[in-house]
Amino acid sequence: MVGRVWQAFGLLVTAGHRVTGVDISEVQISRAQELVPGADFIRADATALELPQESFDAVVCLYALIHIPLAEQPAMLERIVSWLRPGGWFLGTTGHRAWTGTDEDWLGGGVAMWWSHADAATSRSWLVRAGLDVVHEEFVPEGNSGHVLFWARRTAA
């Protein structure tokens, strides 16, 4: 999945779009800079990130919200919506079923990974409450479960 994300970033840059990526991991930022040199990257905790209001046409948030504590996710979505211009797009993944926990051997690599996600209906309600119109949602299978991919648009100001 990560490789496809970088490919998509590269396609957007090649098409002349300005792309800004955010990650808390210095390693991931370094990888991104190597793979997509024409994009801007910010190493930051997204929950504390300050960006100008109404400064983006789209925000893509794949497999990130689910690693933010559940209680902080509605506020994070409100921040994201504040960064979108009216009519701007949000593409993001959320949990399909409510679950918070840790996989002690994530992907068989001996490293623990932590998740916290609500069910799809709750995530949808948070998106709407934050000021987005959900245009499309689909289940994305993964292993024995999966995630939900939401396409949503910021309502007019």
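Colleague: What makes Val81, Leu84 and Phe90 contacts of Leu132?

Modeller: Contact requires heavy atoms within 4.5 Å. In this predicted model, Leu132 touches these three and also Leu127, Ala152, Arg153, Arg154 and Thr155, leaving aside residues up to four places away in sequence.

Colleague: Why is the set that includes Leu132 called a nonpolar core?

Modeller: The name calls for buried residues of nonpolar types joined through side-chain atoms within 4.5 Å, and buried means under 20% relative accessible area. The largest such set has 23 residues, and Leu65, Leu77, Ile80, Phe90 and Leu132 touch the most other members. Strands S3 (56–61), S4 (84–95) and S8 (145–154) and helices H3 (73–83) and H4 (120–130) each supply at least two residues. H3 gives the most, with 5.

Colleague: Which residues are included in the second core?

Modeller: Among them are Phe9, Ile29, Ala39 and Phe41, in a separate core of 8 residues.

Colleague: How do you know that strands S1 and S2 pair?

Modeller: Pairing needs at least two bridges. S1 (residues 20–23) and S2 (residues 40–43) have 4, in the parallel sense, so they count as paired. One bridge partner in S2 is Arg43, opposite Asp23. With helix H2 (residues 26–35), the two strands make a right-handed β-α-β unit.

Colleague: Which element has the lowest mean pLDDT, and which the highest?

Modeller: Helix H1 (residues 2–14) has the lowest, 76, and H4 the highest, 98. For the protein the mean is 91, with 97% of residues at 70 or more.

Conventions:
Residues numbered from 1 in each chain as written. Predicted model: local features only at pLDDT ≥ 70, side-chain atom pairs only at ≥ 80, totals over all residues. Heavy atoms only, no water. Buried < 20%, exposed > 50% of the residue type's maximum accessible area, 1.4 Å probe, protein only. Right-handed = clockwise from strand over helix to strand, strands pointing away. pLDDT = per-residue confidence, 0-100.
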